[in-house]
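Reader: I'm new to looking at protein models. Could you walk me through this one?

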Amino acid sequence: MPTFKKLLSIAERRGYFRWVPTRLFLRYKYRRVTGKRLHLSHPKTFNEKLQALKLLYAQSPDLPRYTQMADKLRAKELVAEQAGAEYVIPTLGVWERFDDIPFDELPRQFVLKTNHDSGGVVLCPDKAAFDRQKAKKSWKRT
């Protein structure tokens, strides 16, 4: 028999909370993840401030701009346009799947980043010692 927590998680993934107002859902989700009460009127922690920004920017006319800034590839283009290309670390390539990456063509040191999440990063300080299988497994978790 699944626990109540597991049932909530399933309901959340299936979108059963769509009818719940955003502010209420953020409070519920924050409590479920952190075990703490969310203070939106006077946020103190970094996480509380992120949740408050979600509410603020969801109602902003600049929402499409913020969406572009959250996209790693588009954000690099925006920085190059606004500040100059010299402030942007070059992108070596963009691939849809891990198996498409031409590792032989990459430099001795590189960083692999996913565009769809936060934290999907694989560092390669030395290509000669790079474990592709380990990197692929860590990427599949994201």
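Author: Sure! A helix here is a DSSP run of H or I at least four residues long, numbered from the N terminus. Keep in mind that this is a predicted model.

Reader: Which residue follows α5, and is its phi positive or negative?
Author: Look just past α5, and you'll meet Gly 84. Its phi is positive, near 120 degrees.

Reader: And at the other end of α5, which residue caps the N-terminal end?
Author: Helix α5 covers residues 72–82. A side-chain oxygen sits 2.9 Å from the backbone nitrogen of Leu 73, and that oxygen belongs to the capping residue, Asp 71.

Reader: Are α1 and α2 parallel, antiparallel, perpendicular or oblique to each other?
Author: Helix α1 spans residues 4–13 and helix α2 spans residues 22–34; their axes come within 13 Å and cross at roughly 135 degrees. Roughly antiparallel would need an angle over 145, and roughly perpendicular runs from 65 to 115. So α1 is, relative to α2, oblique.

Reader: Which residues of α2 make the contact?
Author: On the α1 side, the contact uses Leu 8, Ser 9 and Glu 12. Their partners on α2 are Phe 25, Tyr 28, Lys 29 and Arg 32.

Reader: How many residues of that contact are charged?
Author: The contact of α1 with α2 has three nonpolar residues and one polar. The charged ones number three.

Reader: Is Asn 47 buried, partly exposed or exposed?
Author: Asn 47 belongs to helix α3, residues 46–58. Its relative accessible area is 39%. Buried means under 20% and exposed means over 50%, so Asn 47 counts as partly exposed.

Terms used
Residues numbered from 1 in each chain as written. Predicted model: local features only at pLDDT ≥ 70, side-chain atom pairs only at ≥ 80, totals over all residues. Heavy atoms only, no water. Helix = DSSP H or I, 4+ residues; strand = E, 2+ residues; numbered from the N terminus. Buried < 20%, exposed > 50% of the residue type's maximum accessible area, 1.4 Å probe, protein only. Polar contact = N/O pair within 3.5 Å; in protein donor to acceptor, adjacent residues only side chain to side chain. Axes fitted to C-alpha atoms, helices over the stretch in contact; angles between N-to-C directions. Parallel < 35°, antiparallel > 145°, perpendicular 65-115°, else oblique. Contact = heavy atoms within 4.5 Å. Nonpolar A, V, L, I, M, F, W, Y, C, P; charged D, E, K, R; others polar.
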